[in-house]
Amino acid sequence: MKNFQHPSDSRKVSICLIAGEASGDAQGALLAEALKKECAARGWIVSLWGCGGRQMQAAGVETPVEIGALSAMGIVEVLSVYPRISAAAHTLQELLKTRRPDITVLIDYPGLNMRLMEDAYHLGSCVVYHIPPKVWAHGAERVARLRDCTYLVTSILPFEEKLLKRAGVHARFVGNPLRDEIVQMQSHASDGSAQNPSDGTTRVGLVPGSRMGEIERVFPLLVRAFVQTKRNYAGALSGIVPVASTVPLARLEFLLQQTLQEENASDLRASLELRSQTSLAECLKTCRYAWVCSGTAALETAFLEVPMSVVYKMHWLTFSIAKRLVRLPHISLVNLCAEKEIVPEFLQDDATPEKLSHHALSILTSSETENSMRASLKVLKGMFPPESACNAAQAILDCFAELPSESARRFHFKSTRDLWNEDMEWGLVR
């Protein structure tokens, strides 16, 4: 097995970064820029290579394997391109063997990266998992693998660090790139706080998600909530719907018009704007309230300090299975990060137009209630340190510099069986 060379003995460091989808490409590019900057500050010469897309390439990462070879969504889609995915995975395995990177950084994408993590570890690389899989939702087995085959996990969610450390994983919370992006956007604005449109209309956001399955279930519900809210709100009210790039605009338009017709509210079509090719932050920055489909969008809305409620509906059978397998105190990242409920969560049968409208009106008609939630969101935002990519780069290079040799394992690892028998915090699967 390969022994690590201490940086004082060699100024050349080879770093392999592996991302598997567009979001990972964006995070990989941020991390690559930060690694170059940090290596330069330390006087190290770094070479960056691996698997990425256009953003990582623009950041100076050599990509013998491109993300396009790994892109697929859904079981049928994966099966149809499996030979291509398999070939790309084998290429990456061979490159790890031949190039022997000093550091291997796996970025999200657990389907492939959890396997490559083990390969890189056994080859003697300093293995780091950046933005780990959602172990708090997917069970303890992944935690055990992270503990046994990484030297560092850099997390972008604060509660993950606590969970992973308790399981014996060397973890570091580095901040969140969404927070950095929003702070930068707000610093370029004349006023970072939400403002009503210039015509005095109160604006609310309807954020239905980015996957068609959840949109089909959630979006009509949000439209009905908007209709009820507009009918009961004393002032002028308009809504804005951010449309994800993965969603056909025509399908959203059809669902909108169909729902308005069912509610005898076709005249309200002009009050709802479908906005594509615009970031969620740009859409919500003038909103006083938002209904948000559970996911990363809820955390982004929290960083904007926009009062909200979190909504989610799934197939009844999926929900029944999920309730048995996953035991969490909350479902939204906002409440999980805060470790308490600061925004209401409306799930399954509890997600009704009446309840969603009632909460929206409680915010829109009471400045005290609105300001109280904004204050809680501001406190949450303050939990995230700035410059997450720079923090991650420093933690990664520090970890590499501190490793004495490959043969000396730095951390005590438990067996997978022991981990499964532990009473894990956040109710992991057992």
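Helices are taken here as DSSP runs of H or I of at least four residues, numbered from the N terminus. In the structure described, which is a predicted model, Glu-262 lies in one such run, helix α11, made up of residues 249-262. With a relative accessibility of 49%, Glu-262 counts as partly exposed, because that class lies between the limit of under 20% for buried residues and that of over 50% for exposed ones. Although Glu-262 and Arg-224 are 38 residues apart along the chain, their C-alpha atoms are separated by 9.3 Å. A second pair of this kind involves helix α5, residues 110-122, in which Tyr-121 has its place. Tyr-121 and Thr-150 stand 29 residues apart in sequence, and the distance between them in space is 6.9 Å from C-alpha to C-alpha. Tyr-121 has a relative accessibility of 5% and therefore counts as buried.

The search for enclosed space, carried out over the whole structure, finds two cavities of 30 Å³ or more. The largest cavity has a volume of about 40 Å³, and its lining consists of Gln-27, Leu-30, His-130, Ile-156, Pro-177, Ser-388 and Ala-389. Two or more of these lining residues come from each of the elements α1 (22-42) and α18 (388-402). When the lining of the largest cavity is divided by class, four residues are nonpolar and three are polar, while no charged residue is found.

Open space was examined in turn, and the second largest pocket holds about 290 Å³. Its lining is formed by 13 residues, among which Leu-30, Pro-177, Asp-180, Glu-181 and Gln-184 lie nearest the centre of the pocket. The elements that contribute two or more residues to the lining of this pocket are α1, α9 (177-187) and α18. By class, the lining of the second largest pocket comprises six nonpolar, three polar and four charged residues. Leu-30 and Pro-177 appear in the lining of the largest cavity as well as among the residues nearest the centre of the second largest pocket.

Among the aromatic side chains, the count comes to five pairs. In one of them, the rings of Trp-44 and Phe-400 have centres 6.2 Å apart and planes at 80 degrees, so that the pair is classed as edge-to-face, a term that applies to angles over 60 degrees. This pair links distant parts of the chain, since Trp-44 is placed in the loop between α1 and β2 (45-52) and Phe-400 in helix α18, 356 residues apart. Both partners fall under the 20% limit for burial: Trp-44 counts as buried at 11% relative accessibility, and Phe-400 is likewise buried, with a relative accessible area of 3%. A further edge-to-face pair is formed by Tyr-289 and Trp-291, whose ring centres lie 5.6 Å apart and whose planes stand at 80 degrees. Tyr-289 and Trp-291 are both buried. In addition, Phe-173, Phe-303 and Phe-384 form one aromatic cluster.

Positively charged side chains are also found over aromatic rings. The charged end of Arg-42 sits over the ring of Trp-44, at 5.5 Å from the ring centre, so Trp-44, as the partner of Phe-400 in the edge-to-face pair, takes part in two of the contacts described here. Arg-99, in turn, lies over the face of Trp-49, with a distance of 4.7 Å to the ring centre.

The cysteines were considered next. A disulfide is a covalent bond between the sulfur atoms of two cysteines. In the whole structure, zero disulfides are found. As for the setting of individual cysteines, Cys-39 is buried, with a relative accessible area of 0%, whereas Cys-390 counts as partly exposed at 24% relative accessibility.

The backbone was examined for unusual phi angles. Most residues other than glycine have a negative phi. Arg-100, although not a glycine, has a positive phi of about 45 degrees, and Arg-100 is found in the loop between α4 (82-99) and β4 (103-107). At a relative accessibility of 33%, Arg-100 counts as partly exposed. Glu-305 is likewise not a glycine, and its phi is positive at about 60 degrees; Glu-305 is located in the loop between α13 (296-303) and β12 (308-312).

Definitions and conventions. Residues numbered from 1 in each chain as written. Predicted model: local features only at pLDDT ≥ 70, side-chain atom pairs only at ≥ 80, totals over all residues. Heavy atoms only, no water. 1 Å grid on protein atoms, 1.4 Å probe; cavity = no way out; pocket = protein on both sides within 12 Å on 5 of 7 lines; lining within 4 Å. Points joined across faces, edges and corners; volume = space filled by probe spheres on them. Nonpolar A, V, L, I, M, F, W, Y, C, P; charged D, E, K, R; others polar. Phe/Tyr/Trp six-rings, centres within 6.5 Å; stacked < 30°, edge-to-face > 60°. Buried < 20%, exposed > 50% of the residue type's maximum accessible area, 1.4 Å probe, protein only. Lys NZ or Arg CZ within 6 Å of the ring centre and 35° of its normal. Disulfide = S-S within 2.5 Å.
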